[in-house]
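Me: I'd like to learn how to read side-chain packing and pairing in a model like this one. Could you walk me through it, feature by feature?

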Amino acid sequence: MPLFYFLNLIWLKINFHKTLIIIFVFGTCLICANNLFAQETPEDTTIIKVTGVDTTNFDHSVSPSDDFYRYVNGKWLNRNKIPAGRSRWSPIFELNGNNEKIARKLLLQSMNGNYGKESSMKKAGDFYFSAMDTNSIEKLGYDPVKPYLETINNINDKEQYVKVLAKLSKSGLGSLFGIAAEPDDKDNSNVIVELTQGGLGLPERDYYLAKDPQSIDIRNKYSDLIVKLLILTGDDHGTAESKAQKIMDIETHLADISMDNVTMRDLKATYNKMSYDQLLSKYPALKFEIFFEILGINDPEYFRTGLNVETPDFFASLNTYFQTEDLENLKTYLRWKILSKSSQFLSSEFRNAYFDFNSKTLRGIKSKQLRWKDAVNIVESNIGQIVGEAFVKQNFSPESKEKVKQMVGNILLSLKDRISNLEWMNEDTKKKAYEKISTFRVLIGYPDKWKDYSSLEISRNSLFNN
């Protein structure tokens, strides 16, 4: 039987800017040789054989020359509706449902299995247990975030604020801006620190600045969410409303100084390389030397080739704003960041409020997913390579990976052959094209070296702390 390479979220990307070819699988890889997928039924016994293009979806009442999309997908579109727990739907989500079931089975095995304390599968099982243990989550309420809130309460000056901001950024709990390690846009063999605008609770800047009725309604509901969560953590209604207004003021200012989405797509506009010393000189109030030290990247070697500030005007304005804004207001904003980032991992009062706004209001999702699906997604988004490694051991052998690698090699050979036969391309241009092809890196299915989770500590006692 043939080898089925593309069965889940697998994509082939030829990126001439980054000179990269990638075949990649998200979460727990769903690439397999001669794989059979179980359709979701109560008994979970019905098997669907995946054989490539499903011609039963074709709508032959439509002429392909008139509407090819409808011709290929018409019958599927007619018999499918967006499920209540989704904001969109397509055949790939149906396959992903099988993927979730396989991941759940692996996680249940790891949760109930006899694995050593330091085993990665033991850690995955404990993580899944903590996500499924709703009794403990309910009892804890918002206790898991109280130490963070207390830390913010104890901030006495802007330097302390930057230290706490860095710690929260390191934990994924919010910051005034974004930071990442990214390939240099002009030398993708060199990974550099990249700073960009951020700090918003709504999806992007226009949600704060647009004057249409829908945007105003979303902002009002967002403010209501802030009030609700602040009340859940002990504020009275009047105090919560006052704090919510301060938080909205700060986020609206961050939106106002942010680069618009169209300009953000301009590679020239977002490439602003500078040295470490230039960064400190341009934005002294933000105390990046302290911020980087907390993150553990204060070694000069990290900045040997400089760093990129995607949005320099944003940081210039933020530098001034940070100097002048009242410290108590900034602390209130940081408390909100903690609550907004952690609510989905806390008790049901917090989760329900989070869902009502972020899923219902923003995305039109009518109802929650089953708890186990959320738990699988939480584990995969944090330590997905553990589950992915277990999956490919069962379903994607090294021999299968080698076959895919050969296929990609054949694609590259075909590409070179087609270039050589292009009459409109001169020899110098062809030479450059061949050089570009020679720089492509091929990543297939799963990494040659998996992440090492040996130092990671996972407990069954607290989902949030995991």
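**Cores, charges and rings**

Reply: Let's begin with the core. The largest nonpolar core has 64 residues, and Tyr-161, Phe-177, Phe-288 and Phe-292 are the ones that touch the most other members. Keep in mind that this is a predicted model.

Me: Which residues does Tyr-161 touch, leaving out those up to four places away in sequence?

Reply: Tyr-161 touches Ile-155, Leu-176 and Phe-322, and then Leu-327, Leu-330, Lys-331, Tyr-333 and Leu-334. Apart from the largest core lies another one, of 30 residues, with Leu-106, Met-111, Val-404 and Tyr-446 among them.

Me: On to charges. How many salt bridges does a search of the whole structure find?

Reply: The general idea is that side chains of opposite charge can pair when their charged atoms come close. Here the search finds 15 salt bridges. Take Arg-460 and Asp-126: their closest N and O atoms are 2.6 Å apart. This pair links distant parts of the chain, 334 residues apart, with Arg-460 in the segment after strand S11 (442-444) and Asp-126 in helix H3 (residues 120-132).

Me: Is Asp-126 buried or exposed?

Reply: Asp-126 has a relative accessible area of 8%, so it counts as buried. Arg-460 comes in at 27%, so it is partly exposed. The bridge also belongs to something wider, since Lys-122, Asp-126 and Arg-460 are linked in a network of salt bridges.

Me: What do the salt bridges of Lys-146 and Asp-206 look like?

Reply: Lys-146 pairs with Asp-143, the closest N and O atoms being 2.9 Å apart. Lys-146 is partly exposed at 38% relative accessibility, and Asp-143 is partly exposed too, at 37%. Asp-206 pairs with Arg-205, with the closest N and O atoms 3.2 Å apart. In that bridge Asp-206 is partly exposed at 37%, while Arg-205 is buried at 16%.

Me: Now rings. How many aromatic pairs does the structure hold?

Reply: The structure holds 22 aromatic pairs. To read one, look at the distance between ring centres and the angle between planes. The ring centres of Phe-288 and Phe-315 are 6.2 Å apart and their planes sit at 55°, so this pair is tilted. Phe-288 lies in helix H12 (residues 288-295) and Phe-315 in helix H13 (residues 312-324), so the pair links distant parts of the chain, 27 residues apart. Both Phe-288 and Phe-315 are buried.

Me: Why is the pair of Tyr-446 and Trp-450 called stacked?

Reply: Planes under 30 degrees apart count as stacked. The planes of Tyr-446 and Trp-450 are at 5°, with ring centres 5.5 Å apart, so that pair is stacked. Tyr-446 is buried, at 15% relative accessibility.

Me: Which residues do ring pairs link into a cluster?

Reply: The cluster takes in Phe-177, Tyr-276, Tyr-283, Phe-288, Phe-291, Phe-292, Phe-303, Phe-314 and Phe-315. Phe-177, Phe-288 and Phe-292 have already come up, among the residues touching the most other members of the largest core.

Me: Last one. Where do the charged ends of Lys-368 and Arg-460 sit?

Reply: Here you look for a charged end placed over a ring. The charged end of Lys-368 sits over the ring of Phe-355, 5.7 Å from its centre. The charged end of Arg-460 sits over the ring of Phe-129, 4.4 Å from the ring centre. Arg-460 thus brings the two topics together: a salt bridge with Asp-126 and a place over the ring of Phe-129.

How values were computed:
Residues numbered from 1 in each chain as written. Predicted model: local features only at pLDDT ≥ 70, side-chain atom pairs only at ≥ 80, totals over all residues. Heavy atoms only, no water. Core = buried A, V, L, I, M, F, W, Y, C linked by side-chain atoms within 4.5 Å. Buried < 20%, exposed > 50% of the residue type's maximum accessible area, 1.4 Å probe, protein only. Contact = heavy atoms within 4.5 Å. Salt bridge = Lys/Arg side-chain N within 4 Å of Asp/Glu carboxyl O. Helix = DSSP H or I, 4+ residues; strand = E, 2+ residues; numbered from the N terminus. Phe/Tyr/Trp six-rings, centres within 6.5 Å; stacked < 30°, edge-to-face > 60°. Lys NZ or Arg CZ within 6 Å of the ring centre and 35° of its normal.
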